[in-house]
Amino acid sequence: SSEVKNVADVSRITFADQSEDPSDADKMVDLGLSVKWASYNVGASNPWEYGNFYAYGEIEPKTEYTLKNYQWYYDNDGEDHDQWEEYLKLGATFTGTNYDVAHVKWGNQWRVPTRDEWTELINNCEFEWTGMNGVTGAKITSRINGNSIFLPAAGNMVNAEHTHDQLGCFYWTSSEYEQSDITQECRNYRANIDATNHSANGYDYPEVGFSIRAVYGPVPEEELPSYTAPEMVDLGLSVKWANCNLGAKGASETGDFICWGELVEKQYSHKYNYKWYDPLTDKTVEIGDQISDTQYDAAKAILGDGWRLPTEDEMKELLEKCTWTEETYGFTVTGPNGNSIYLPACGFQGYKGAPRAAIEPGYYMTGNSDVRVNYEGKKMIDNAVTLRFTRGAGNKFKTPEMNYFSKAGGIQIRPVHK
């Protein structure tokens, strides 16, 4: 069928086989991989041009690349901190976020490749150390379809020194170096390609200036854990409560430490690796005043089958209509019908990772955001409504209460079911 429209009413014409903006299509190369690769570096216009150097997670080039001028470093001079604590670590990956210079500058689905995507490129291509327009570099040819890209040997920037010029290609991945002990020095994976080596196994300090070669494709989906559904406990309230925390196997066990509006546990939690923090505005992104039973609900996403986060009202009902009996490591909560659940005091996860003390306070998530307003009349969107039981003198619990906790901090979830 056809439809006649006035030209003045048409803002864009899209043909059936046109999947990307022409400007995107012009600079992408299909190597037969999971993503398409840019034909030139961010900041360049041609394959042989160096483009710009960027520190990890920064979106503007500089003349010097030092620790002191690294955007995501805070010098706690004179304070009792290890240096690793002074890096504002950005999480397992920043691909597709506003820490991602390719995403910010080029838009659409352009982003800095993950370490896995660099590894995929390396494992499925042939490498030739050659030149283009008088610039030394690597011609990378796909074994899958024969298409190729060229990476100029731009070297890197350390302080004000341009090193390894015409000797090697240094590219940031968007992936944090994996280490079991987060108190080790901050490092991030890079791809290093020269005449004899091609690897994405190396890592470096984030303040160093490397090139960026973007990829085009959707951000890899987050892998959700697979947990057996908990038992339902009928306390005689409006909802049934799980017998254990999300991610725990027993009533007294610690479950996953999850941030408000996120779906999986991380190695550490703070403002700068919170999914809903925007580094361009230094503000929390609003995803709703109430996220229970939505796409942002970790209990729903992981357990399904009617399980979800409790709302503020449901948590208040648990608090006000049940009998709370203090134990050494938590509370036994007995409902109006005599049935009970146990809520362990598990602490919270911050920048130093999961809590390590034997005696901790308790924090439990609801689906409700903080809707109070400050003195300027603006919503206090950095916090969410939380059930908490802190400790006082002699490590005795204070009275459990409804309060607020940072959305960027990892706390426990006790799921509910209708």
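**Exercise 1. Is Cys322 buried or exposed?**

*Solution.* A note before we start: the model is predicted.

Step 1. Look up the relative accessible area of Cys322, which is 10%. Buried means under 20%, so Cys322 is buried.

Step 2. Now look for a sulfur partner. The closest cysteine sulfur to that of Cys322 belongs to Cys244 and lies 17 Å away, which is too far for a bond.

Step 3. Try Cys259 in the same manner. Cys259 counts as buried, at 1% relative accessibility. The closest cysteine sulfur, in Cys346, is 15 Å from the sulfur of Cys259, again too far for a bond.

Step 4. Finish with the count for the structure: 0 disulfides.

**Exercise 2. Place Arg190 in its strand, then work out what surrounds its side chain.**

*Solution.*

Step 1. Arg190 belongs to strand S10, which covers residues 188-193.

Step 2. Check the pairing of that strand. S10 and strand S11 (residues 198-204) run antiparallel and are joined by 5 bridges. With 4 residues between them, S10 and S11 make a hairpin. For a landmark in this pairing, find Tyr189, which stands opposite Tyr203 in S11.

Step 3. Turn to accessibility. Arg190 has a relative accessible area of 16%, so the residue counts as buried.

Step 4. Search for a partner of opposite charge. Arg190 and Asp204 form a salt bridge, with 3.3 Å between the closest N and O atoms. Because Asp204 lies in strand S11 and Arg190 in strand S10, this pair ties together parts that are 14 residues apart in sequence.

Step 5. Complete the surroundings. Leaving out residues up to four places away in sequence, Arg190 touches several aromatic residues, among them Phe170, Tyr171, Trp172, Tyr203 and Phe210. Its contacts also include Thr173, Ser199, Ala200, Asn201 and Gly202.

**Exercise 3. Lay out the sheet that contains S3, and follow Arg111 within it.**

*Solution.*

Step 1. Write down the strand order: S1-S2-S12-S3, an open sheet of 4 strands with antiparallel pairing.

Step 2. Find the edges. Strand S1 (28-29) and strand S3 (110-111) each have a single partner strand, so one side of each is left without a neighbour in the sheet.

Step 3. Zoom in on one edge. S3 is joined to strand S12 (residues 215-216) by 2 bridges, and the two run antiparallel. Here Arg111 has Val215 in S12 as its bridge partner.

Step 4. Add the side chain. Arg111 forms a salt bridge with Glu117, the closest N and O atoms being 2.7 Å apart. Both residues of this pair, Glu117 and Arg111, are buried.

**Exercise 4. Compare the charge pairing of two lysines, Lys62 and Lys407.**

*Solution.*

Step 1. Start with Lys62. A salt bridge links Lys62 to Glu58, with the closest N and O atoms 3.0 Å apart. Lys62 is partly exposed, with a relative accessible area of 24%, whereas Glu58 counts as buried at 5%.

Step 2. Go on to Lys407, in the loop between strand S23 (401-406) and strand S24 (416-417). Lys407 is buried but has no salt bridge.

Step 3. Test the nearest candidate. Glu286 has the nearest side chain of opposite charge, 6.5 Å from Lys407, while a salt bridge needs the nitrogen and oxygen within 4 Å.

Step 4. See what Lys407 does touch. Beyond residues up to four places away in sequence, its contacts include Cys259, the buried cysteine of Exercise 1, along with Trp260, Tyr274 and Asp382.

Step 5. Close with the overall count: the whole structure has 19 salt bridges.

Notes
Residues numbered from 1 in each chain as written. Predicted model: local features only at pLDDT ≥ 70, side-chain atom pairs only at ≥ 80, totals over all residues. Heavy atoms only, no water. Contact = heavy atoms within 4.5 Å. Pairing = 2+ DSSP bridges. Buried < 20%, exposed > 50% of the residue type's maximum accessible area, 1.4 Å probe, protein only. Lys, Arg positive; Asp, Glu negative; His and termini not counted. Disulfide = S-S within 2.5 Å.
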